[in-house]
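Thanks for passing this one along. Here are my notes, meant to be read with the model open in your viewer.

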Amino acid sequence: MSRDMNAYLREEIQRTPFCPGCGHGILMGVLLRAIDEMALPMERVLFVSGIGCAAWIPSPHFKADTLHTIHGRAVAFATGAKLYNPELITLVVSGDGDLSSIGGNHLIHAARRDLDMTVLCANNMIYGMTGGQVASTTPEGAETTTTPGGNPERPFDLCRLVAAAGARYVARYGVVQPLLLKRAIQKGIRTRGFAFIEVLSPCPTQFGRRNRLRDPAETMKSLKARLISQRQAKSLTESERASRIVYGEFASEDSDDLEGRGRDA
Amino acid sequence: MSRSRTEGLLPPGDYYLSGNEAAAEGALAVGCDFYAGYPITPSSEIMERMAWRLPEVGGTFVQMEDEIGSLCAVIGAAWAGAKAMTATSGPGFSLMMEPLGYAVMTETPLVIMDVQRAGPCTGQATRVGAGDIMQARWGAHGDYQIIALSPWSVQEMFDMAVQAFNLAERFRVPVVLLAEEAVGHLRERITLPSEVTVIQRDRDKTRPPFGSEEPDGVPPMPAFGDGADLLVTGSTHDEWGFRKTEDPEVQRRLVTRLSRKILDHRAEICSVETYCMEDAQVMVVAYGFTARSALHAVRHLRGEGLEVGMMRLRTLWPFPEEAVARMGEGRARVLVPEMNLGQIQGEVQKAVDCPVEAYHQVNGEVIPPSVLLKWIRERSL
């Protein structure tokens with residue numbers, strides 16, 4: 001993290017909790033830069049996270065109100081805080097297992113309710129903190145500690161799921177696309193209503209080493225190579241698309257101006 | 001401080017309400033301004049009333065997707081500054097156990113009204129039971145203390161709703177109003193006071209929000225948006241909220257304080273009532289709706305000249321051990337009737353030296369006065 005972002009970090013916390021090669025540190029930096037550029041009033045920003053590696057992105061690092069909750073329920077906690085005090089700029093930052101597996105019900109209902117909050121889902125396609133078990137986002141065939149013969153199940157397409165539930169803004173980018181990701185986060189925060197951003201964030205430690213992606217640099221390169229735009233995806237056959245990840249915006253309404261949300265207003 | 005009736009609250013006077021309606025009005029009177037819940041028999045009337053009454057007093061209501069989310073939303077709102085509550089019954093109360101533990105660990109003031117039905121599981125949804133007494137005490141994992149109150153009338157549904165919010169604020173702890181279906185659905189006359197006592201939250205942000213240096217063990221609690229940079233976590237944490245998940249001393253200190261702040265204030269929290277105890281050889285210990293039948297029986301038996309009295313437990317947790325021990329001293333026998341297979345009976349036995357006998361009824365119906373009359377008489381002659 002460069003020095004200019006230090007103002008957003010608690011002085012007491014100086015170490016990253018993330019493994020070498022983890023994408024979450026990049027997301028952390030992109031998120032802070034997005035916030036910094038928007039000059040959000042930090043005393044009104046509330047970060048809510050659940051349980052798992054990604055939940056550590058805001059807590060305890062960010063110098064703001066942070067609510068580090070139980071597993072799967074971050075969106076439900078955020079719902080109460082936001083409904084009671086609509087002035088809170090509410091950002092949920094958590095992982096794929098937390099938000100979409102154990103917490104999937106809260107996610108789709110918050111999207112249906114169209115609560116004015118932004119949910120960042122750091123998707124590493126595995127349960128990282130608990131040692132690399134299969135997740136509802138693990139690709140078919142991938143090896144995990146609980147699918148030693150390869151994952152027999154299909155993964156969620158989180159963006160399609162949340163868009164179908166009624167979210168106003170839905171996007172997917174990888175941490176290898178920091179500028180696009182930053183713009184999407186800002187757009188999500190500006191959206192008056194429910195915004196969901198899936199952030200592909202590789203896990204070399206738990207996912208990579210069991211799936212021939214042990215080297216962090218290789219993991220990042222592999223992710224970058226798999227990402228294709230929606231336009232590119234259209235020209236591919238279904239089987240060609242199967243190994244790729246489509247990035248871009250999957251729902252986007254006219255996002256409001258930045259009234260009351262920083263200097264770009 | 002006390003709170004006079006503000007706009008939207010019912011004027012003082014006599015009303016004819018159900019227990020569930022009275023509990024909702026009590027919550028509003030003490031300043032509850034957030035409700036999140038999920039429908040469940042026999043508690044739904046609380047939620048339905050809050051759905052139209054909260055907007056009238058400027059509060060916020062949301063029906064969540066399940067009971068887990070309901071209690072989570074209540075905790076989120078509480079940290080945003082709300083006096084928040086939910087209401088439920090057995091199956092929903094079971095689902096709430098993990099966030100209940102979070103509320104204990106993060107010292108979040110809130111109120112859960114559990115209108116008990118006959119369990120286990122789906123059981124008899126419309127019938128009465130008192131089977132959640134131990135669940136309220138031990139339902140979430142780990143060592144902790146909470147507060148649970150046991151109302152016996154519609155009036156007490158109102159009064160104890162007020163008391164529950166005040167205890168929650170005073171001790172920064174979840175408080176459970178352990179009502180039973182019978183009192184939730186009972187309609188009787190109730191008198192609403194012109195004002196009620198209200199304990200307000202200390203939102204001082206200069207002192208640590210999870211501090212251990214407070215003389216009474218209860219730290220201040222700023223809200224999100226107060227500029228306190230709150231760090232709230234269910235993991236073991238120090239006085240400012242920083243995670244200390246491998247420090248034995250921080251763990252010991254926190255878990256001990258969470259219990260001590262309740263146990264050290266038992267005299268302030270616990271409330272009992274006694275009836276006809278002066279020269280009683282036999283003491284009946286009862287709570288909730290069962291105490292109505294028990295008191296009827298005791299008064300009748302006094303008329304027959306039997307030396308029998310009754311203690312009614314208004315507080316179930318922390319258990320009013322000292323009051324039971326003191327009042328039970330020198331009695332020949334203690335009788336405990338319950339609408340379960342014996343949950344408070346054991347607590348009573350721990351407190352007294354004389355033999356304790358229990359009457360258990362788990363048929364989904366209230367214990368009739370005639371049954372207790374006979375049962376107590378046989379043990380008092």
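The points below go from the chain contact to the domains and then to a helix pair.

1. A reminder before anything else: this is a predicted model. Please read every value below as computed from that prediction.

2. Start with where the two chains touch. Chain A puts 29 residues into the contact, and chain B puts in 33 residues. On the chain B side, at least two residues each come from strand S3 (34–37), strand S4 (60–63), helix H3 (67–79), helix H5 (97–105) and strand S12 (231–233). The top contributor to that side is H3(B), with 9 residues.

3. What does the side of chain B that touches chain A have by class? The split is 20 nonpolar, 8 polar and 5 charged residues.

4. There is also strand pairing across the chains. Strand S2 of chain A, residues 65–68, pairs with S12(B) in the parallel sense, over 3 bridges. If you want a spot to click on, B:Leu231 in S12(B) is the bridge partner of A:Thr66.

5. Now for chain B on its own. The domain assignment splits out domain 1 (2–197) and domain 2 (271–378). Their C-alpha centres lie 26 Å apart. The contact of these domains takes 22 residues from domain 1 of chain B and 21 residues from domain 2 of chain B.

6. Which elements of domain 1 of chain B supply at least two residues each to the side that touches domain 2 of chain B? They are strand S7 (124–128), helix H6 (133–138), strand S8 (147–149), strand S9 (174–180) and helix H8 (181–185). H6(B) gives the most to this side, with 4 residues. By class, this side of domain 1 of chain B has 14 nonpolar, 5 polar and 3 charged residues.

7. Last, a helix pair in chain B. The axes of helix H11 (residues 290–303) and helix H14 (residues 369–378) of chain B come within 8 Å and cross at roughly 50°. An angle from 35 to 65 degrees counts as oblique, so H11(B) and H14(B) are oblique to each other. The crossing of H11(B) and H14(B) is right-handed.

8. For the residues behind that crossing, H11(B) brings B:Ser293, B:Ala294, B:His296, B:Ala297, B:Val298, B:His300 and B:Leu301. From H14(B) come B:Pro369, B:Leu372, B:Leu373, B:Ile376 and B:Arg377. Taken by class, the residues of this helix contact are 8 nonpolar, 3 polar and 1 charged.

Definitions and conventions
Residues numbered from 1 in each chain as written. Chains lettered and ligands numbered in written order. Predicted model: local features only at pLDDT ≥ 70, side-chain atom pairs only at ≥ 80, totals over all residues. Contact = placed C-beta atoms within 7 Å. Nonpolar A, V, L, I, M, F, W, Y, C, P; charged D, E, K, R; others polar. Pairing = 2+ DSSP bridges. Domains from an automatic or database assignment. Axes fitted to C-alpha atoms, helices over the stretch in contact; angles between N-to-C directions. Parallel < 35°, antiparallel > 145°, perpendicular 65-115°, else oblique. Left-handed = near helix turned anticlockwise from the far one by under 90°.
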